[in-house]
Each structure stands twice: as structure tokens, then as C-alpha cells.
Amino acid sequence: MTDSMPALVNTEPETVSLEEVPVPEPGPEDVLIEVRAVGICGSDIHQWHGSHSWPVEYPCTLGHEFGGVVAELGEDVTSFDVGDRVVSETAAVIDEDSPMSRQGLYNLDPDRKGFGYGVDGAMAHYVTAPERCLHDIPDDLAFEYAALTEPCSVAYNAVCVNNDVNPGDDVLVIGPGPIGILCAAMASLSGGRVIVSGLPEDERRLEVAKEMGAAVTTTDDPVEYVEDLGDGLGVDAVVDSAGVSATLEVAMDAVRPDGTITKVGWGPEPMEYSMDPLVQKAATIEGSFSHNWPVWENVISMLSTGQLDLEPIVSHVAPLEEWESCFRKMDESEYIKAVLKPQESELE
């Protein structure tokens, strides 16, 4: 192993470049992972543009959706061996004694820091991760799909844990980005009848949403569409995965009385509309952020058994050196999801 490696570093707002950096050394409870695949997330692209709404500890290597092979163990690590195939959760730093962590909801710990913004991420040849973050994956699960356990877990947590979609429910998903498409897949697998709403320029993404389980896709006003469903009172559940605040108003208009809205898309803009429809309908609105251990184990099971097939959303797999083209094509919606493969390995 060499002492340095290439890494995609966010050095300051609007500045991302491939740099040569030292190979990280694992602490006593950490594992050094040789990265075999890392997904590009919309948050990586926001940091590339400097349009993000979360604090970044510059300079920071990007990448939080990743899987790889264990290359080295910290002296206190007991659950893994060199050569193991693993994926990692994103809660790289937590206060294990905080009230949320002690409930198993460490994803909601206020002191949480994640890969790619709070600590160095995985768009590099190697990354260190705490042992507590790691999950084994089977030999027949390809790394380009295993690396997407993280966005799948975001969708699972939003749809199956926080919203709790049931068979027979009508579910509206607003925003056909990767998370929205995965939310549609989770809602369909949960027995919901899924409508995915997007813009006219989202035609390709809406096609993929249908491949992933959506019953209906529309670029028209989704509120008008749901008024013609069933008793006309609206959908049982709305998942707002759009990255703007304005779509929450659409969600409030579309949800039926006593229905549930889950907002999983970040929308930093101020809301300039009344929340009175939410009160009048006695509807529930909730946020959904990140994921935890049982969610990851369920998603890995779904991927391993083929219950969840990610092939339709993986548009392109490329070496790390082609990062800029992949970022740009995802930003322009030419790719739905691109995956970078930093290096091949002798460890498998």
C-alpha cells in the first residue's frame, strides 16, 4: 500500500478537484476500507456548486454512499477480518452517550457528523470508518449496487418506518430524483398504489420510476390527478422528495384528511404559504432524515435477494478520474445515478 492516494476533495465552496492526499490510518475502533464503489449523491453536487445548506469542514473528501473491502483493522476491532466485503453507514461521528444514540436513533444525534462533509468521505482509494458503522454484504452482491444501500435506506426510513405505507394505500411521491424513485419502489413493495409527480423535463426519470414500481407518473398538476382517485379526498400518503420548499404546499393540497406527509427532500427556501390546510385536515407532517442499523440490515436483505433491483437507476459506472463528467451529467439529469469505482483490488 502506498502512502498517498487520489481523492476528490471539496477544498472550499464551489471548489472540488482530484487531489493527492495521505492514505488515512485507522484508529483503534476503525477499519480501513479499500473503496470499490461510491455513489454520487445530490448532496455531493450541491457541495460542488456551493449551493448546500449544511456546514462543511473544509477541506473534505466527498462521498458517503460506498462499499469496499476491509484492508486493515484497528487494534480493538473484533467483528471484521481483512478481505471482508462491507458497506458503511454515514454517521461517522456520534456522541454514543446522547439521548438519541442511547435510543438507537444515533442518526438524529445533534452532534452527528457524516462522511463527505463532517469527515473525509469515500471518493478516494481508501476511507476509514468506525466498526459500528459497518455491515457485511454477500459475495454475489455487486459493489456498484451495494454502495447504494445508503440512498435505499433513506427511502426505506421515509416510506416504511416514518410514513408506514400499507397495502391499498394511494401514495403520491413528489420529485423523481434518485431518492424519489427509490421511495416509489419502497411504497410499491409495501403494497401502495404509487403516483410519481415530476416536471416535463423529468420524462426519463419518470420512465424509470415506472420500472421501479410506480403505477402512474404525471407531469401535470398532481392535485388535479388525485382529486379523481377513489372518493376524491386525496391520497393516503405523500412523500415529498423534491429539493424545494414549495412542494410542501402541493403535498398539503393532495393529502386526504387524517393522511400523512413525509418530507425527505431538503428545501432551504422559506415557505411563503399558510399551513392552515394541514390543520383543517388534521393531517400529519413529518421529516425523515438518514437511517439506522435495522434499516440497513433490511435493505441489504432486499438487495441480496433481488427483492429490490437497482439496475434501472444506475445509469453509468466510471473510474474516479471521470468524476466531473458524471457530476455534470447527473446535474443535467442525463444520468439518474452514477457510481464511481476508485480502483480494482487484489483483496477479493
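Which residue in β2 does Val9 stand opposite? Select Val9 and look across: Ser17 in β2 is the residue opposite.

Before going further, some ground rules. This is a predicted model, where local features need pLDDT of at least 70 and side-chain atom pairs count only at pLDDT 80 or more, while totals for chains, interfaces and linings use all residues. Numbering starts from 1 along each chain as its sequence is written, and side-chain values use heavy atoms, with hydrogens and water left out.

**Stop 1: the three-stranded sheet**

Stay with Val9 and show strand β1, residues 4–12. Strands here are DSSP runs of E with at least two residues, helices are runs of H or I with at least four, and both are numbered from the N terminus. Eight bridges join β1 to β2, and the two run antiparallel. Two strands count as paired if DSSP finds at least two bridges between them. Leu8 is another one to click: it stands opposite Leu18 in β2.

Now follow the chain round from β1 to β2. The two strands form a hairpin with two residues between them, and Glu14 in the turn has a positive phi of about 70°.

Next, add β4. Two bridges join it to β1, again antiparallel, and the bridge partner of Val9 in β4 is Thr61. Put together, that gives an open sheet in the order β2-β1-β4. β2 (15–22) and β4 (60–61) stand at the edges with a single partner strand each, so one side of each has no neighbour in the sheet.

**Stop 2: the six-stranded sheet**

Select β11 to β16. These six strands form an open sheet in the order β13-β12-β11-β14-β15-β16, with parallel pairing. At the edges you'll find β13 (216–218) and β16 (284–287), each paired on one side only. From one strand to the next, the twist averages 15°.

For a look inside the sheet, pick β11 (residues 170–174) and β14 (residues 235–240), which run parallel and are joined by four bridges. Click Val173: its bridge partner in β14 is Val239. Then bring up helix α6 (residues 203–211), which packs on the sheet and touches β12 (193–197) and β13; its direction makes about 165° with that of β13. Contact means heavy atoms within 4.5 Å. Angles run from 0 to 180 degrees between N-to-C directions, and axes are lines fitted to C-alpha atoms, for helices over the stretch in contact.

**Stop 3: helix α4 and its two partners**

Show α4 (residues 149–163) with α10 (residues 293–305): they pack at about 110°, with their axes 9 Å apart. That makes α4 roughly perpendicular to α10; the cut-offs are under 35 degrees for roughly parallel, over 145 for roughly antiparallel, 65 to 115 for roughly perpendicular, and oblique for the rest. Among the residues that meet here are Tyr156 and Val161 in α4, and Trp296 and Leu303 in α10. By class, this contact has nine nonpolar, four polar and one charged residues. (Ala, Val, Leu, Ile, Met, Phe, Trp, Tyr, Cys and Pro count as nonpolar; Asp, Glu, Lys and Arg as charged; the others, Gly among them, as polar.)

Swap α10 for α5 (residues 178–189). α4 and α5 pack at about 55°, with their axes 8 Å apart, and are therefore oblique to each other. Residues to light up include Ala155 and Val159 in α4, and Leu182 and Met186 in α5. The contact has 13 nonpolar, no polar and no charged residues.

**Stop 4: β17, β18 and helix α11**

Select β17 (residues 314–319) and β18 (residues 337–341), a parallel pair joined by five bridges. Click His316, whose bridge partner in β18 is Ala338.

Add α1 (residues 42–49) and α11: their axes come within 10 Å and cross at roughly 105°, so the two helices are roughly perpendicular. The contact includes Trp48 of α1 and Phe327 of α11. By class, it has five nonpolar, one polar and four charged residues.

**Last stop: Glu144**

Find Glu144 in helix α3 (residues 143–146). What is Glu144 in contact with, leaving aside its neighbours within four places in sequence? The contacts are Ala37, Val317, Val339 and Lys341. Glu144 and Val317 are 173 residues apart in sequence, yet 7.5 Å apart in space, C-alpha to C-alpha.
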